[in-house]
Amino acid sequence: MELDYSAEEEEFRARLRHWLGTELPKLPARPDPLDWPARRAYDCGWQRRLYDAGYGHVHWDGSPTRRLIFLEETERAGAPYVGAGFVGLLHAGPTIAAEGTPEQRERWLEPVLRGDAVWCQGFSEPEAGSDLASLRTRAVRDGDAYVVTGHKIWTSHAEIADWCELLVRTDPDAPKHRGISWLAMPMDAPGITVRPLRTLAGTAEFAEVFLDEVRVPVANRVGAENDGWRVTLVTLSFERGTAFVGEVVACRRVLGELARTARKNGRWDDPVLRRRLGRLGAEFQALWRLIQWNVSEAAATGAVPGTGGSVFKLSYSHARQELYDAAAAVLGPDALDLGREWPRDRLSSLSYTIAAGTSQIQRNIVAERVLGLPKGR
Amino acid sequence: MDFRLTDDQRALVRGIRDLLGRRFGPDALRAAAGADGAGELDRGLWRELGAAGFFALRLPEDAGGVGLGLPEAALLFEEAGRALLPGPLVATHLAAGRVPGAAEGTAVVTRADGGLVEWLDAADVVLGVGDGVTPRPLRSVDPLTPLHRLAYARLDTGDVPDAHEASLLTAAEQLGSAGRTTALAVAHARVREQFGRPIGSFQAVKQLCAHMLVRTEVARAAVYAAAVTADPVEIAGARLLADEAAAECARDCLQVHGGMGFTWEAEVHLHLKRAWVRAARGLGGAVAEEAVAESLAATP
């Protein structure tokens, strides 16, 4: 039970910190958050710099501890987060690395690491939300290709993506979890229509994707035919287990800013608000320690993050919403000004208890897979 | 960095869990709580704890101690909390090496904390109660923790010796209790049937249990880390989460047990009552929240 980092890890941290110090001043100005092509160029440009400096594959180089240090240092330095690279770097990439053939790994991983390829996620469907496995998008084999027809939704960055990690039903007669396959679909294939959806935060973060007889080569299937659900669980465990690490660091920074802002604008005199921030401080500190706990487990066992990810996600998604509610209390009337960052983040935080598995589904996972309670309705 | 328990730490936990399971298992707990002399301390058990190194754990080996640190102490107190072991454990542990007999378990030491004194009549040595102060007995909510009230409340906890360590060890006890009530709720939900099915198959019950685990695991990360860093602000935060986990998990456990949970038959009520008593020890609630808030505003 120790929290000190090894000399080698500290050396990695020092080198990274130095590199960030020299590299960040060279970065161009951040693009308009609503200009997705500009955001893609900016995020991919940053990924390219990381790649050239040898940090490109830090998210899946096998050392969870180095990854933790990377996220801590980049966030502390105010460096860009993965942004448009989210699905490729934190999601599809690790899945292909774990489940793909040598050819598939060679074909898809390098472009993601170099910042040349952006991926999106085609999992959710209008009729299959929390019950993801009930998806209906069909893929019918025709020679060396699947012909895909269906409708995906909540597909982040679809209009700027080159590839889509796509779940399709390849055996409509099999039990619902057993007839699914995982495909890599090129987003420029004929038959794909992307319609952006406006979120309650006013942004067009994600889209609906309509698929009309899209031909996807059989060679683009990752894992065996009808074995896509297992591959998906590998993906989801990445998503829930470690994808939020950088955000927790960011939340801790925001919390400090909230306290200092409150001190400046006089709201600090309110003991109820002070105690509320103190409570959140304790919680985010604990979440950070929980991450270190999960990372220690992952580093020691070499396994992808397990159900500990559900415990973390449940707690984090609620804490994040409470954080931005507290931010509104600190801001007072300014909390209703969408020209400011915290009110916008407050709206965005509402997605956290829904995205990547709702809190209700996460609790069922914890109850059944960790606590061993019987399955039921 | 490897935050996980070492093999030695796991062995330590197993050892104390075996000892407590043998000497103070659930049946002994119920018997003690139901007995007329519930306010009496089991001196034999106290000496056994002393012999096992419970109190001398952090004394150097050349002083007759075990030479271990705060993380190991936290693990022991977690087990004590899980078993709901009665007695002024924290005060005696902190007095080891300073009060003769404390380290060996031959002396029972208590101390004033948060305006209360636990186990006053059973103690050989009482710390922190000045001359001329007459503690007034309360009819304690917890049948296994006799309480006396001091005429004044110590709001400034700075003058209580080892206040932060005491708070951390209390947090560890709370954590153990939260883990125990979570396990009790889950065990009950798996076997208790209603409408022809185990109640644990119903989402409403299942989600209650899952929430208990989440609260416990978050508190665990906080308590273990605070034991490693011994940082006063981190200890305050851990205490906050552990107090909450113990009380809320006990409540939820009671809920899962339904009507039986409201009776003396189930052991749940004992956990809830002890959680309340522990939460009243100094450096709890508001003090902790203010301490963490202050550190947030101070960080550049």
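How far apart do the C-alpha centres of domain 2 of chain A and domain 3 of chain A lie? In this predicted model, the two centres lie 29 Å apart. The domain assignment divides chain A into domain 1 (7-114), domain 2 (119-226) and domain 3 (230-371).

Contact between domain 2 of chain A and domain 3 of chain A involves 11 residues of the former and 10 residues of the latter. The area buried between these domains is about 750 Å². Carbon and sulfur atoms give 70% of that area. On the side of domain 2 of chain A, A:Ser130, A:Leu200 and A:Ala201 supply 47% of the area buried against domain 3 of chain A, more than any other three residues. The touching side of domain 2 of chain A has seven nonpolar, three polar and one charged residues. Zero salt bridges are found across this interface. The count of residue pairs in polar contact (both at pLDDT 80 or more) is also zero.

The domain assignment of chain B gives domain 1 (7-150) and domain 2 (163-298). Their centres, taken over C-alpha atoms, are separated by 20 Å. Here the contact takes 33 residues from domain 1 of chain B and 32 residues from domain 2 of chain B. Together the two domains bury about 2800 Å², with 64% of it on carbon and sulfur atoms. B:Leu70, B:Glu78 and B:Leu84 supply 21% of the area that domain 1 of chain B buries against domain 2 of chain B, more than any other three residues.

Four salt bridges cross the interface of domain 1 of chain B and domain 2 of chain B. B:Glu78, one of the three residues named above for buried area, forms a salt bridge with B:Arg220. The closest N and O atoms of that pair are 2.7 Å apart. Between the two domains of chain B, 10 residue pairs are in polar contact (both at pLDDT 80 or more). On the side of domain 1 of chain B, two or more residues come from each of α2 (26-34), α4 (70-83), α5 (89-95), β1 and β2. The most come from α4(B), with nine residues. By class, this side has 20 nonpolar, five polar and eight charged residues.

Strands β1 and β2 of chain B also belong to an open sheet of five strands. The strand order is β3-β1-β2-β5-β4 (chain B), with mixed pairing. At the edges stand β3 (125-127) and β4 (136-137) of chain B, each with a single partner strand, so one side of each has no neighbour in the sheet. Strand β1 (residues 109-113) and strand β2 (residues 116-118) of chain B run antiparallel and are joined by two bridges. B:Ala112 stands opposite B:Val117 in β2(B).

Between the chains, the contact takes 51 residues from chain A and 47 residues from chain B. Chain A and chain B bury about 4400 Å² between them, 66% of it on carbon and sulfur atoms. In chain A, the most area is lost to chain B by A:Met1, A:Arg275 and A:Trp293, together 19% of what that side buries.

Six salt bridges are found across the interface of chain A and chain B. In one of them, the side chains of A:Arg274 and B:Glu290 meet at 2.7 Å, N to O. The interface also has 19 residue pairs in polar contact (both at pLDDT 80 or more). Helices α3 (64-76), α7 (245-265), α8 (271-301), α9 (308-331) and α11 (359-370) of chain A each supply at least two residues of the side that touches chain B. The most come from α8(A), with 19 residues. The residues on this side of chain A divide into 23 nonpolar, 13 polar and 15 charged.

Conventions. Residues are numbered from 1 along each chain as its sequence is written. Chains are lettered from A and ligands numbered from 1 in the order in which they are written. Side-chain values use heavy atoms; hydrogens and water are left out. Domain bounds come from an automatic or database domain assignment. Contact means heavy atoms within 4.5 Å. Buried area is the accessible area (1.4 Å probe) that two parts lose on being put together, summed over both. A polar contact is a pair of N or O atoms within 3.5 Å; within protein, one must be able to donate a hydrogen and the other to accept it, and residues adjacent in sequence count only if both atoms are side-chain atoms. Ala, Val, Leu, Ile, Met, Phe, Trp, Tyr, Cys and Pro count as nonpolar, Asp, Glu, Lys and Arg as charged, and the others, Gly among them, as polar. Two strands pair if DSSP finds at least two bridges between them. Helices (H or I, at least four residues) and strands (E, at least two) are DSSP runs, numbered from the N terminus.
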